[in-house]
Amino acid sequence: MGIDGLLTFVRSASSEVHISKFAGQRVAIDASSWLHRGAFSCARELALGQETDRYLRFPLRMIAMLRSHCVEPVLVFDGAKLPMKVRTDRLRSAARSAALQRAHREQRDKDFTDSITVTPAMADRLLRKLRESDTAFVVAPYEADAQMVFLVEHGHCAAAITEDSDLLAFRCPRTIYKLSPETGYCRLHSFDDLCHATDSSGSLLFDDWQSWKTGLFTDMCILSGCDYLPSIPGVGLKTAHAALSTHRSMQRAISALHDKFIWSKAQSADPAGRAELLQLTSEHLELCTMCQQIFKYATVWDPVSAALVPLHQLGTSLDIRDRDRLGPLMAPSDAKLLCEDGVLDPTSLQLYPTVEQSTASMPKREDVRSRFFDAVCPRVNTAACEPSSISIVQQNVVRRETAESALPLNEGAVAPCETDTFLYSAGVRSPMHFKAFHVPLSDEAKTAAFESAHLFAIDSPPCLGDAFLQRFRGI
DNA sequence: TACTAGTCGTCAT
DNA sequence: CGACTAGTA
């Protein structure tokens, strides 16, 4: 998905350049897309579970190509899945499994390549190569897209290289698409150049660019359907653009689109359904507002402060449920190991198996980080590599179990849950899967729990889209 | 005219 | 993931 058709829509505001335009500068790379392309060279082996690392060739070749033009890459890896994205992820992984089934049956090349999945293990192997070659990297806590935009906006990188149109929705200042591995030519989209974008008849797409720049452009992407939320059936980029051009706000555009949709279904006169339709409209607006927040405040890693921060400064404080939709925070020590050191699986927050073995024999860890951030970040704390407590509690996956005395209760892993009960973890560090136990705690323990700001509970995230779409289709 | 659903290519020999 | 296209309202 991404934003379907967006790159074509704004093509007039992009330009063909050579990558050497960025000579002497750093660029952020969407590492997953390079791993994905690399995996084509060994799709069959990967599908059959055979040992191979040929998928590393392509990314390494691309890195060499960039360096040959004096462009220094910073590879940005995907982190954990955002709760709002489960719908899209589920669709994609279902398609991959289906392809894998067919591949096993019919042994067709196409099915093998369709089944390609970039796994954390593959990312781990690339990360190791990057350390060997002193290549900079960042592991995003959640969306690599948001992380790349942060690096570009804060001047760590001059541009982002990707194939995903979401970077424009994130308002990335400079994005490079279609970088040719052979020639080094590519298509550059500068966000501010969008003010010159025209349609096929040559008229300006974004009149009063300032208002598009500050929000309407992203609103257009959301309304046309993004990874976090499907669109109203029949609404694509053109319609979203037209509605926002006329109405100039998400709220009014949604109202207008709903009216139009309902008119087209010729049911506007039904008085019984009217109240429910109003309800649907306001729910849709709320879902779109959540998407706005993700595109603006998604959780990213700030290499300078060595902390998880929102992509942009949060104007107002959000309630905890809204906050966690942007990507739950985690223990600072975990965030550092994950994002800067790249030694944790983003989903489980467990050390990669291979790394765990080497930690067991207590090797030096100084070479673990990327060169680029050495200057701004302190040394790795080896002690922090020991598996410790979980840092995030996601109530919808908590399996409530009775506490048993035999279980080792790690320090710190406490989250306020009910009045007198706290969730106390048993040392599993994944924000997505873990066991927790209801344990009554002493007052001191409660105080300690509240004082550890990084420990908290979140409500079950909604699986967006499905129910919403069904209700629309039911009209 | 615009949206949709489907197909194809991404590597690399 | 995007690009491209034939089919549809």
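How many disulfides does the count come to? It comes to zero. The model is predicted, and the cut-off for a disulfide is a pair of cysteine sulfur atoms within 2.5 Å. Two cysteines illustrate the result. The sulfur of Cys 226 has its closest cysteine sulfur in Cys 291, at 4.3 Å, which is too far for a bond. Cys 226 is buried, at a relative accessible area of 0%. For Cys 186, the closest cysteine sulfur is that of Cys 172. The separation there is 13 Å, so a bond is again ruled out by distance. Cys 186 also counts as buried, with 0% relative accessibility.

The overall fold of chain A comes next. Chain A has 475 residues, and 52% of them count as buried. Its secondary structure consists of 18 helices and 15 strands. Among contacts in chain A with a separation of 6 or more, 68% join residues 24 or more positions apart.

Two annotated spans come from the UniProt record. An unreviewed entry assigns "domain: XPG N-terminal" to residues 1-99. In the model, this span is 43% helix and 16% strand. The C-alpha atoms at the ends of residues 1-99 lie 18 Å apart. The annotation "domain: XPG-I", also from an unreviewed entry, covers residues 131-200. Here the composition is 23% helix and 24% strand. The end C-alpha atoms of residues 131-200 are separated by 47 Å.

The surroundings of DNA strand C were then examined. The residues around the strand are Met 1, Leu 7, Thr 8, Arg 92, Glu 163, Asp 164, Ser 165, Lys 178 and Asp 227. By class, five are charged, two are polar and two are nonpolar. Sugar or phosphate accounts for 100% of the strand C atoms within 4 Å of the protein. Three side chains make polar approaches to phosphate oxygens of the strand. A polar side-chain atom of Ser 165 lies 2.6 Å from a phosphate oxygen of DNA strand C. For Lys 178, a side-chain N or O atom is 2.8 Å from a phosphate oxygen. For Asp 164, the distance between a polar side-chain atom and a phosphate oxygen is 3.4 Å.

Ile 3 links several parts of the chain. Ile 3 sits in the segment before helix H1 (6-9). Its relative accessible area is 2%, so Ile 3 is buried. Beyond its neighbours within four places in sequence, Ile 3 is in contact with Ser 165, Asp 166 and Ala 169, among others. The contact list for Ile 3 also includes Cys 221, Ser 224, Gly 225, Cys 226 and Leu 237. Ser 165 and Cys 226 therefore appear in the contacts of a residue that is itself buried. The C-alpha atoms of Ile 3 and Asp 227 are 7.6 Å apart, although 224 residues separate the two along the chain. Asp 227 is also among the residues that surround DNA strand C.

Asp 111 is a charged residue with little accessible area. Asp 111 lies in helix H6 (residues 109-114). Its relative accessible area is 2%, so Asp 111 counts as buried. With neighbours within four places in sequence left aside, Asp 111 is in contact with Ala 99, Arg 102 and Ala 103.

Two helices have mostly buried residues. Helix H8 spans residues 144-153, and nine of its 10 residues are buried, so the helix is largely enclosed by the rest of the structure. The buried set in H8 is Ala 144, Asp 145, Ala 146, Gln 147, Met 148, Val 149, Phe 150, Leu 151 and Val 152. Gly 155 follows H8 and has a positive phi, near 80°.

Helix H15 (residues 332-341) is mostly covered, with eight of its 10 residues buried. These are Asp 334, Ala 335, Lys 336, Leu 337, Leu 338, Cys 339, Glu 340 and Asp 341. The cover over the buried residues of H15 includes helix H7 (120-132) and strand E4 (136-139). Strand E8 (299-302) and strand E9 (307-310) are also included in that cover. Just after H15, Gly 342 takes a positive phi of about 65°.

Notes
Residues numbered from 1 in each chain as written. Chains lettered and ligands numbered in written order. Predicted model: local features only at pLDDT ≥ 70, side-chain atom pairs only at ≥ 80, totals over all residues. Heavy atoms only, no water. Near = heavy atom within 4 Å. Polar contact = N/O pair within 3.5 Å; in protein donor to acceptor, adjacent residues only side chain to side chain. UniProt positions renumbered as here; feature names shortened; annotations may be inferred. Helix = DSSP H or I, 4+ residues; strand = E, 2+ residues; numbered from the N terminus. Buried < 20%, exposed > 50% of the residue type's maximum accessible area, 1.4 Å probe, protein only. Contact = heavy atoms within 4.5 Å.
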